[in-house]
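Grab a pencil and have the viewer ready. Here are a few exercises, each with a solution to check yourself against.

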Amino acid sequence: MAAWARWCLKHRWTVLLLWAAALFGTVAASAALGSAYSNVFKIPGTESSTAYERLQKAFPDASGDVDNVVWQTERGSVHDAAVRDRMTALLADIARMPDVGRVVGPYDAEGAGQVSKDGRIAFAQVTFVKQQFELETGNLKDLIDRAEAARAPGLRVELGGPAIEAAQEPPAGLAETVGVVAAGIILFLAFGSLFAMLLPLISGVFAVGTGIASVILLSHVTDIPETATLLGSLIGLGVGIDYALFIVTRHRNGLKAGLPPDEAAVRALDTSGRAVVFAGGTVCVALLALFTVDITLFDGIAISTTLVVVLTVLASSTLLPALLGLLGPRVLSRRERRQSAERSAAGTALPSEEVGRTAARWARLVQRRPRTLGLVALVVMGLLAIPALSLRLGANDQGNQPTSQTVRQAYDMLAEGFGPGFNGPLLMVAELHGPQDRQALDTLIADVRRTPGVVRVVEAPVPADAGGLAAQTRAIQVVPSTSPQAEATDKLIDTLRERTVPAAAEGSTLKVHIGGETALQKDFAAVVGDRMPGFIALIVGLGALLMLIAFRSVLVPLTGALMNLIAACASFGLLVAIFQWGWGMDLLGLGKEGPIISFLPVIMLPLLFGLSMDYQVFLVSRMHEEWLHTGDNARAVRVGQAGTGRVINSAALIMIFVFSSFVLSGDRGAMMAGLGLAGAVALDAFILRMVLVPALMHLLGRANWWLPGWLDRVLPHVAVDPPERPVGDSPGTKEDPREEMVPAGR
């Protein structure tokens, strides 16, 4: 790393120009070409995916998103002349809009069942020719404006559906901007220097900007879901700013110790820079494990997020040293430069590892009371993890949105007029191969109508000129009596698949697949649940293996793996308490409680384990560095904790604000991921890394660094610590004047 850092310092302008070309070049190319996102949500081998694929092949023109226009009268009926004329004109206007395939309203013969029994609520279905992520936002907002203009005293008009929901999300980049501003404030308070504050921000923005633009370009050659850019921004900003923070902090300490700026930068890259590269590698390994889940949606997320993390590490190890070389001593504030000059003149320069008084006092307290503090930390994490025992995976829909949104109001109106299950209908897709199959299908439809929990069964008409696959395919909508998120709806799907359909199809060649959004989410949750244990074992095992190689210790990686699992349980406990139980949702403006989105654990766990491993690497690498130079475990743990405590806490605060800002994204999945990761980082940094890990390492003593001889000979040598450090540069050779040796706690 030292040679690499010196090259970047010597060719600083070349490095800056290359990064500027990469950023502006990829941004310009992505702006010119646009995105080609593909929200491919296939779960091979499941009924819901088979049903969707069959329907898409048979009726490609009707495979776009279907949204609703819903209206309600305070008095009278939707069939009153004034209401009918007003809404008929609106629907005709919508039918002429771009990308609208067809509009079926309650005043058409085909839409006769689209009026509630009391005659006060009606809806029209708007079928687009494209999926919502392919539609122009401007056209959708125009549709919303026209619907709102149709409102009148005594007449409510609302819109629901995925396209409308996406069009009403806050502007792209709002969450990222808020996160960057919050990070800047924390950095300025931590450093007291404008230039020092800007360095991590510039490094993070360059890396994330280049990464997201590259992801947009990649969407033209592989399947990248739309949510990948949001997740890439979330993880990229968090780790990018944090990685730069660790290096800048070490560089500033070197300047305060009297080192020349270039030498301080080389020393920072050769110490903290090594830990950053290794930490970034652990995050990438965890993210790439998403490929093992074998769900197409996650492959694109793995590619995009890994690319952004790689670029953040590259920016921290190339762009950052170039910027440090340009700024020189200005990374310190004027007061710090003046104090450093005064100390140098007096011959009283600080040791290179400056430790804050508060951090040193806390490290000594943990050393004196490891059992007590460790037990308290463990109890706190255990209590927070209890709600995770009630974790229920499922789908969130527009009924979970805040009541101020038109999609939530449309959802509630449909539930009021047609029952709670109307917002999540099931879809039976039948394959007919002869008259016998048609008879079996009629029997099936009659049986489904008599099935408890079913309130409505409607077979979609087939165009008269339909031929081929379309003529052999029938779509039957089944409306449950319970909401999409109810467990009773899941049981109904099982009943239809396991009993009703097989009984009706017996003796024929009829094939029927139960699909629809509700069934798809149920299948997805089942697949995730089945594959989750192996997935967790893989990412925890790989992370532990990397730490075993880096720190050449058996207990350090085992401790890290255990801490990762504890942090994950507590994080999901917080998510269950907030989003599933509804604690504080009104206060936070997060809408209505519901199950945890089924894909969230698969996305969150690699991020969470990667970030947890980051803090473990930064903490233990400093302890390991001290252990190699002193051989004193008590001192190594204490000095390592005190030396990294302030920077870990600052980094954690930055991540907490960056992740929490994604509540502003308008995407419920991003809200859950943001708050879950923010909570996990807070618990990980402030309780696990500052209390439980050092307490446990004090209790374990020299065993922390034990490695069998045969294993030492087998493992490859990958150094996280610098290969050598001059005598006198080690805090182990000279006590920090603010510290005193404290006997290890019993």
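The exercises below go through confidence, two sheets, a surface patch and two backbone angles.

This is a predicted model, where local features need pLDDT of at least 70 and side-chain atom pairs count only at pLDDT 80 or more, while totals for chains, interfaces and linings use all residues. Residues are numbered from 1 along each chain as its sequence is written, and side-chain values use heavy atoms, leaving out hydrogens and water.

**Exercise 1. Find where confidence in the chain is lowest and where it is highest.**

Step 1: start with the overall figure. pLDDT is the predictor's confidence in each residue, from 0 to 100. Its mean over the chain is 84, with 90% of residues at 70 or more.

Step 2: go through the elements, which are DSSP runs numbered from the N terminus (helices are H or I, at least four residues; strands are E, at least two). Helix H20 (residues 585-588) comes out lowest with a mean of 72, and helix H14 (residues 370-385) highest with 95.

Step 3: look at residues 724-746, where the pLDDT is below 50. Beyond near neighbours in sequence, that stretch still has 51 contacts in the model (heavy atoms within 4.5 Å). Where pLDDT is low, the coordinates shouldn't be read in detail.

**Exercise 2. Work out the strand order of the open sheet that contains E1, and what packs on it.**

Step 1: trace the pairing (two strands pair if DSSP finds at least two bridges between them). The order is E2-E3-E1-E4, paired antiparallel, with strand E2 (100-104) and strand E4 (155-160) at the edges.

Step 2: zoom in on one pair. Strand E1 (residues 66-73) and E4 run antiparallel and are joined by 6 bridges; Thr73 has Leu155 in E4 as its bridge partner.

Step 3: add the helices. Angles run from 0 to 180 degrees between N-to-C directions, with axes fitted to C-alpha atoms, for helices over the stretch in contact. Helix H4 (residues 81-95) lies across E1, E2, strand E3 (121-128) and E4, at about 165° to E1. Helix H15 (residues 406-418) touches E1, E3 and E4, and its direction makes about 110° with that of E4.

**Exercise 3. Which strands stand at the edges of the sheet E7-E8-E6-E9?**

Step 1: this is an open sheet of 4 strands with antiparallel pairing. Strand E7 (454-459) and strand E9 (511-515) each have a single partner strand, so one side of each lacks a neighbour in the sheet.

Step 2: the twist averages 20° from one strand to the next. Strand E6 (residues 426-431) is joined to E9 by 5 bridges, and Leu427 sits opposite Gly515 in E9.

Step 3: helix H3 (residues 47-58) lies across E6, strand E8 (473-480) and E9, at about 105° to E9. Helix H17 (residues 487-505) lies across E6, E7, E8 and E9, at about 175° to E9.

**Exercise 4. Which residues make the nonpolar surface patch of about 720 Å²?**

Val181, Ile185, Phe188, Leu189, Leu194, Phe195, Leu198 and Ile202 make it. Helix H7 (174-191) and helix H8 (194-218) each give two or more residues; Leu189 lies in H7.

**Exercise 5. Where do Asp99 and Arg552 lie?**

Asp99, with phi near 70°, is in the loop between H4 and E2. Arg552, with phi near 50°, is in the loop between helix H18 (517-551) and helix H19 (555-580). Most residues other than glycine have a negative phi.

Terms used:
Patch = residues over 30% accessible without salt bridge, like charges linked within 9 Å, V, L, I, M, F, W, Y side chains within 5 Å. Areas by Shrake-Rupley, 256 points an atom, 1.4 Å probe, with all protein chains shown as cover. Salt bridge = Lys/Arg side-chain N within 4 Å of Asp/Glu carboxyl O.
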